[in-house]
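Here's a quick walk through the model, one region at a time. Keep the 3D view open and follow along.

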Amino acid sequence: MKIGKLVQTLLPKILEYCEQKSHNEFECLCDADYTKRTFNLNFPLLVPVSNLPSDLSKRYWTKVYLVRGQTVRACSQWFEKDAVYFAKYLQRIGIDYDQPQLENELLEFRTIPSRRPLSATPRANSRYRGNAIGNAQNLLVRNILSNLGTEQFSEEDWFATKAYFNHQCAYCGEVKELVIEHAIPINKVYLGEHRLGNLVPSCKECNSAKASKDFREFLEGSDDKIAAIEAYMDEKNYVPLENNEQVSMILEMAYREVGTVAERYISIINELFIPEDDK
Ligand SMILES: [Zn+2]
């Protein structure tokens, strides 16, 4: 389960805790400092609907909850790496959740290979397993996400994009050799797409340091650079797919199906052609 989905699933329990067991937890969850410390969120977890500025609206799920007589919306800006904060919080306020299941799910996210070369050395004894299947699964997800929509990212678009960013790296601001970088990574966790608005110029160093992080995660603390990329996305009408549950579900299906297909053919080949002592 993605962290965002997990938060949404358990939010009613947290609100129940605010309602019944704590006098000030609701105020705390509306406080930016508290939620930064507690969840590493860059925005308050809860905001009363009447106080939500329209420019922040896209950072909050649309669902409205009623707590302590107020209607609130909850922040959607969760990063997978911060799941541990959420787990600690649940523990602190005494909300039970399926610990082994949660840990497995978190583990699954950490093991998604990111831009690992296809030639990555597989574990001994797993001739065609492991990385190879993971890569095939991720390639399919990349392929699907890269082909959504009909627009093409042309050479001209690339020149225009570099010009927009003054021929500087969108992350460190240096003028260097620039490569195309997906601000929101193209994988089943972040659902970035290969289209105008999500492609930004990056130096090679930032490109490899950022790897499969989201640009906001990578640029944490550099609010001006985050804002510049977000402004660029807005200008190009790039509306990220993040937290689109249906797309996530479909990609998850594709991901699993590729894994199953690969396993099936691996066992056929192993049965037929790989000597017994080499398995
Ligand atoms: Zn850079």
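## The zinc site

The four donor atoms around the zinc ion subtend angles of 102 to 115 degrees, which makes the arrangement tetrahedral; for four donors, that label asks for all angles to lie between 85 and 135 degrees. Bear in mind as you look that this is a predicted model.

Which residues hold the zinc ion? The donors are the SG atoms of Cys 169, Cys 172, Cys 203 and Cys 206, sitting at 2.3 to 2.4 Å. If you'd like to pick them out along the chain, look for the spacing C-x2-C-x30-C-x2-C. As for how much of this is tucked away, Cys 203 and Cys 206 are both buried.

## How far to trust it

The mean pLDDT of the protein chain comes out at 82, with 84% of its residues at 70 or more. Where is confidence highest, and where is it lowest? The top spot goes to strand 5 (residues 199-203), at 96, while helix 5 (residues 99-110) sits at the bottom with a mean of 49. The pLDDT is below 50 over residues 105-128, a stretch that has 37 contacts in the model beyond near neighbours in sequence.

## The overall build

The protein chain has eleven helices and five strands. Of its 279 residues, 44% are buried. Take the contacts in the protein chain with a separation of 6 or more: 66% of them are between residues 24 or more positions apart.

## Helix 3, one face in and one face out

Helix 3 covers residues 32-39, and its buried residues are Tyr 34, Thr 35, Thr 38 and Phe 39. Looking down the helix axis, you'd see these buried residues fall within an arc of 95 degrees, so they line one face of helix 3. What do they pack against? Their partners are helix 2 (25-29) and helix 4 (83-93). Flip to the other side of helix 3 and you'll find Asp 33 and Arg 37, which are exposed.

The two ends deserve a look too. At the start of helix 3, Asp 31 points a side-chain oxygen to within 3.2 Å of the backbone nitrogen of Asp 33. After helix 3 comes Asn 40, with a positive phi near 60 degrees.

## Two non-glycines with positive phi

Asn 40 isn't a glycine, yet its phi is positive, at about 60 degrees. Asn 40 belongs to the loop between helix 3 and strand 1. Is Asn 40 buried or exposed? Asn 40 counts as buried, because its relative accessibility is 14% and the cut-off for buried is under 20%.

His 167 is another residue other than glycine with a positive phi, again near 60 degrees. You'll find His 167 in the loop between helix 7 (155-164) and strand 4 (178-182). With 43% relative accessibility, His 167 counts as partly exposed.

## A buried lysine

Next up is Lys 210, which lies in helix 8 (residues 204-210). How much of Lys 210 is accessible? Its relative accessible area is 0%, so Lys 210 is buried.

What does the Lys 210 side chain meet? A polar contact of 3.1 Å links it to the side chain of Glu 181. Setting aside neighbours within four places in sequence, Lys 210 is in contact with Tyr 171, Glu 181, His 182, Ala 183, Phe 215 and Phe 218.

## Two more spots to click on

Trp 61 sits in the loop between strand 1 (46-48) and strand 2 (65-67). Trp 61 counts as buried, at 9% relative accessibility. Arg 73 is twelve residues from Trp 61 along the chain, and their C-alpha atoms are separated by 6.3 Å.

Glu 235 is part of helix 10 (residues 223-235). Its relative accessible area is 48%, so Glu 235 is partly exposed. How far is Glu 235 from Gly 197? In sequence they are 38 residues apart, and in space 7.7 Å apart, C-alpha to C-alpha.

Key:
Residues numbered from 1 in each chain as written. Predicted model: local features only at pLDDT ≥ 70, side-chain atom pairs only at ≥ 80, totals over all residues. Heavy atoms only, no water. Buried < 20%, exposed > 50% of the residue type's maximum accessible area, 1.4 Å probe, protein only. Helix = DSSP H or I, 4+ residues; strand = E, 2+ residues; numbered from the N terminus. Arc of directions from axis to C-beta. Contact = heavy atoms within 4.5 Å. Polar contact = N/O pair within 3.5 Å; in protein donor to acceptor, adjacent residues only side chain to side chain. Donors = N, O, S within 2.8 Å, 3.2 Å for Na, K, Ca; no water. Tetrahedral: all angles 85-135°; square planar, octahedral: opposite > 155°, others 65-115°. pLDDT = per-residue confidence, 0-100.
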